[in-house]
Amino acid sequence: MSKTVQSLIWASAIIVAALACVSSGVSDAASFGIVMGLSGAAWGSLHSDLGCGRGCLS
């Protein structure tokens, strides 16, 4: 799978999570934490050759 497709999948997941947080009334701090956590996971998986398993930690 190309990096472009992976990026678009991560972007859509982050947007869906943000919309779900807003629609369910999650606090701003919790929403921020969820979105930043997903952003970090996306960055880690996109910038490693091994995926986000061992690639993020090594």
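1. Before looking at single residues, one cut-off helps: a residue is called buried under 20% relative accessible area, exposed over 50%, and partly exposed in between. Keep in mind, too, that this is a predicted model.

2. With that in hand, take G37, which sits in helix α2. Its relative accessible area is 42%, so G37 counts as partly exposed. Across from it in the chain, 23 residues away, is I14, and the C-alpha atoms of the two are separated by 9.4 Å.

3. Now the overall layout. The protein chain has 2 helices and 0 strands. Helix α1 covers residues 3-24 and helix α2 covers residues 28-46.

4. How do the two helices sit against each other? A pair of packed helices is described by the angle between the axes and the distance between them. Here the axes come within 9 Å and cross at roughly 170°. Angles over 145 degrees count as roughly antiparallel, and α1 and α2 are therefore roughly antiparallel to each other.

5. Which residues make the contact? From α1 come K3, Q6, S7, W10, A13, I14, A17, A18 and C21, while α2 brings S31, I34, V35, L38, S39, A41, A42, S45 and L46. Sorted by class, that contact of α1 with α2 has 12 nonpolar, 5 polar and 1 charged residues.

6. Last, the surface. Of the 58 residues in the protein chain, 17% are buried. The chain exposes about 4100 Å², and carbon and sulfur atoms supply 71% of that area.

Key: Residues are numbered from 1 along each chain as its sequence is written. This is a predicted model: local features need pLDDT of at least 70, side-chain atom pairs count only at pLDDT 80 or more; totals for chains, interfaces and linings use all residues. Side-chain values use heavy atoms; hydrogens and water are left out. Axes are lines fitted to C-alpha atoms, for helices over the stretch in contact, and angles run from 0 to 180 degrees between N-to-C directions. Helices (H or I, at least four residues) and strands (E, at least two) are DSSP runs, numbered from the N terminus. Angles under 35 degrees count as roughly parallel, over 145 as roughly antiparallel, 65 to 115 as roughly perpendicular and the rest as oblique. Contact means heavy atoms within 4.5 Å. Ala, Val, Leu, Ile, Met, Phe, Trp, Tyr, Cys and Pro count as nonpolar, Asp, Glu, Lys and Arg as charged, and the others, Gly among them, as polar. Buried means under 20% relative accessible area, exposed over 50%, partly exposed in between (1.4 Å probe, protein chains only). Accessible areas come from the Shrake-Rupley method with a 1.4 Å probe; for residues, only the protein chains shown count as cover.
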